[in-house]
Amino acid sequence: MKVLVTGVGGQLGYDIMRELHRQGIDCCGADRAEFDITDFAATNEFITNYMPDAVIHCSAYTAVDKAEDETELCRRVNADGTENIAKVCKAINAKMIYISTDYVFPGTGEQFYKPDDVTAPSNVYGQTKLEGELAVKKLLRKYFIVRISWVFGVNGNNFVKTMLKLGETRKELNVVADQVGSPTYTADLAVLLVDIVKTERYGVYHATNEGVCSWADFAEKIFSVADMDVKVNHITSAEYPTKAVRPKNSRMSKDKLVENGFARLPKWEDAVERYVDLLKNI
């Protein structure tokens, strides 16, 4: 099996490549330097030259607040770029995994969103990621759409690293407590995605570490694990306004994973412990 991974410069793409190598699977990693996904000719040339059996598409525009001002750029990458990759996958009969997000949902209520629940993004980033999903569904039969949230990994910036850095100089921090979801450790997710791509159990999945928390709960766990004496003040979203509207409910049901024979990821608290421990030794 040959697997092409886009976005290898990011947190998830990096860990997927590590997992593919660990399992001895023939793989190729690509980022913007290799080809521009918004350029169909370049995308087609690169992918057809490698001729993968599957593409795991991690590359994305993820600057959520900037996307409100850079709408067209965000759309070119997340929607048009994804469509370009899907077109090539169709032409060469390759499977495709498209990494999507909890932001495709309205983010209201307290229910756990199921994969087939109604989507209604509340910001540009979520809308363009949904457009990417629709392009994949329209063009392909052999696809996996995997929605994730609150990502952290060793290769890149994330909430955990930000909290640890702030904790070095601050004894008190204000963190939003009315947005609830599930952190996702890319090292855990990578194992699942490689397991998924080896199958033909196509469809839409949700994949995050188990359990839910608020951003404030998340921060408190980080400081506890790192043995840092930092007080976390629980504040509301209204007290910390952002350019893009953030979902207050990012709970997602992972029942479909189990129904299709895949293992749930470890609890998010366990993932944070392993991750912070890893950072100490880098």
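This note sets out points on the salt bridges, two buried polar residues and one helix pair of a predicted model.

1. Salt bridges in general. The model contains 14 salt bridges. Three of these pairs are taken up in turn below, followed by a network of shared partners.

2. Lys138 and Glu83. These two residues form a salt bridge in which the closest N and O atoms lie 3.5 Å apart. Lys138 belongs to helix α4 (residues 124-139) and Glu83 to helix α3 (residues 71-92), so the bridge ties together parts that are 55 residues apart in sequence. The two ends differ in accessibility class: Lys138 is exposed, at 60% relative accessibility, whereas Glu83 is partly exposed, with a relative accessible area of 22%.

3. Lys248 and Asp178. A further salt bridge joins the side chains of Lys248 and Asp178, at 3.5 Å from N to O. Here the partners sit in loops: Lys248 is in the loop between β12 (231-235) and α8 (255-259), and Asp178 is in the loop between β7 (172-176) and β8 (180-181), so the pair connects parts that are 70 residues apart in sequence. Lys248 counts as partly exposed, at 45% relative accessibility. Asp178 is also partly exposed, with a relative accessible area of 23%.

4. Glu273 and Lys221. The closest N and O atoms of this salt bridge are 2.8 Å apart. Because Glu273 lies in helix α9 (residues 268-280) and Lys221 in helix α7 (residues 215-225), the pair ties together parts that are 52 residues apart in sequence. Glu273 is partly exposed, its relative accessibility being 36%. Apart from such pairs, Glu210, Lys254, Asp255 and Arg264 are joined into one network by salt bridges that share partners.

5. Asn249. This residue is placed in the loop between β12 and α8. Asn249 is buried, at a relative accessible area of 1%; the cut-off for that class is under 20%. Its side chain meets two backbone oxygens: a polar atom of the Asn249 side chain lies 3.1 Å from the backbone oxygen of Thr108, and the side chain reaches the backbone oxygen of Gly109 at 3.3 Å. Setting aside residues up to four places away in sequence, Asn249 touches Gly107, Thr108, Gly109, Glu110, Gln111, Tyr113 and Val180.

6. Asp188. Helix α6 (residues 186-197) contains Asp188, which counts as buried at 11% relative accessibility. The Asp188 side chain makes a polar contact of 3.0 Å with the side chain of Asn209 and another, of 2.7 Å, with the side chain of Arg274. Both partners recur among the residues in contact with Asp188 once neighbours within four places in sequence are left aside; that list comprises Asn209, Leu265, Pro266, Ala271 and Arg274.

7. Helices α5 and α7. Helix α5 (residues 159-167) packs against α7 at an angle of about 60 degrees, and the two axes are 10 Å apart. That angle makes α5 oblique to α7. The crossing of the two helices is right-handed. On the α5 side the contact involves Phe159, Val160, Met163, Leu164 and Gly167, while α7 contributes Trp215, Phe218, Ala219, Ile222 and Phe223. Helix α7 also holds Lys221, the partner of Glu273 described in point 4.

Conventions: Residues are numbered from 1 along each chain as its sequence is written. This is a predicted model: local features need pLDDT of at least 70, side-chain atom pairs count only at pLDDT 80 or more; totals for chains, interfaces and linings use all residues. Side-chain values use heavy atoms; hydrogens and water are left out. A salt bridge is a side-chain nitrogen of Lys or Arg within 4 Å of a carboxyl oxygen of Asp or Glu. Helices (H or I, at least four residues) and strands (E, at least two) are DSSP runs, numbered from the N terminus. Buried means under 20% relative accessible area, exposed over 50%, partly exposed in between (1.4 Å probe, protein chains only). A polar contact is a pair of N or O atoms within 3.5 Å; within protein, one must be able to donate a hydrogen and the other to accept it, and residues adjacent in sequence count only if both atoms are side-chain atoms. Contact means heavy atoms within 4.5 Å. Axes are lines fitted to C-alpha atoms, for helices over the stretch in contact, and angles run from 0 to 180 degrees between N-to-C directions. Angles under 35 degrees count as roughly parallel, over 145 as roughly antiparallel, 65 to 115 as roughly perpendicular and the rest as oblique. A crossing is left-handed if the near helix is turned anticlockwise from the far one by less than a right angle, and right-handed if clockwise.
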